[in-house]
Amino acid sequence: QVQLVESGGGLVQAGGSLRLSCAASGSIFTINVMAWYRQAPGKERELVATHTTGGSTNYADSVKGRFTISRDNTKNTVYLQMNSLKPEDTAVYYCNAVARNSYYSPQYKYWGQGTQVTVSS
């Protein structure tokens, strides 16, 4: 099993910044993709950004130019730097990892417990 623990959420005014962190631990052989998703009240969970082991990144159009995903493979940790925050960024942010427990195991998708980000206008 792989555990993901997020931190860094909170309340911020519009235009402000927050940095989220997510550390993976447990039985990890390799982590392929680490990503951030978010879910606002009454809405479906949506992809915010992804980061592959090779360094490729991808962003939702709504956050391009404002959010930056980065990753420290030595620490199995992924970060999300969020700048120029808007009220519509308010959501619970979830860390996600696609990982294998051993050389022979298939890949599984793991989720963190979520961290609340609230942006006031």
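**Exercise 1. Locate Y103 and decide whether Y103 is buried or exposed.**

*Solution.* Start with the secondary structure, where strands are DSSP runs of E with at least two residues, numbered from the N terminus. Y103 sits in the loop that links strand 9 (91-100) to strand 10 (108-111). Next, take the accessibility: Y103 has 55% relative accessibility and therefore counts as exposed. The classes are buried under 20% relative accessible area, exposed over 50%, and partly exposed in between (1.4 Å probe, protein chains only). Finally, look at the surroundings: Y103 joins F29 and Y104 in a nonpolar surface patch of about 450 Å². Such a patch takes residues with over 30% relative accessible area and no salt bridge, with nonpolar side chains (Val, Leu, Ile, Met, Phe, Trp, Tyr) joined within 5 Å, while like charges are joined within 9 Å. A salt bridge here is a side-chain nitrogen of Lys or Arg within 4 Å of a carboxyl oxygen of Asp or Glu. Areas come from the Shrake-Rupley method with a 1.4 Å probe, and for residues only the protein chains shown count as cover.

A word on the source: this is a predicted model, in which local features need pLDDT of at least 70 and side-chain atom pairs count only at pLDDT 80 or more, while totals for chains, interfaces and linings use all residues. Residues are numbered from 1 along each chain as its sequence is written, and side-chain values use heavy atoms, leaving out hydrogens and water.

**Exercise 2. Describe the backbone and setting of N76 and of S84.**

*Solution.* Recall that most residues other than glycine have a negative phi. N76, not a glycine, has a positive phi of about 50 degrees. N76 belongs to the loop between strand 7 (67-72) and strand 8 (77-82), and is partly exposed at 25% relative accessible area. Now turn to S84, also with a positive phi of about 50 degrees. S84 lies in the loop between strand 8 and strand 9 and is partly exposed at 40%.

**Exercise 3. Find the disulfide and say what it ties together.**

*Solution.* Search for cysteine sulfur atoms within 2.5 Å: the whole structure yields one disulfide. The partners are C22 and C95, with sulfur atoms 2.0 Å apart. C22 lies in strand 3 (residues 18-26) and C95 in strand 9, so the pair ties together parts 73 residues apart in sequence. The S-S torsion is about -80 degrees, so the disulfide is left-handed. Both C22 and C95 are buried.

**Exercise 4. Which strands pair with strand 3?**

*Solution.* Pairing requires at least two DSSP bridges between two strands. Strand 1 (residues 2-7) pairs with strand 3 in the antiparallel sense over six bridges, and E6 has C22 as its bridge partner. Strand 8 also pairs with strand 3 in the antiparallel sense over six bridges; there, R19 has Q81 as its bridge partner.

Terms used: Helices (H or I, at least four residues) and strands (E, at least two) are DSSP runs, numbered from the N terminus.
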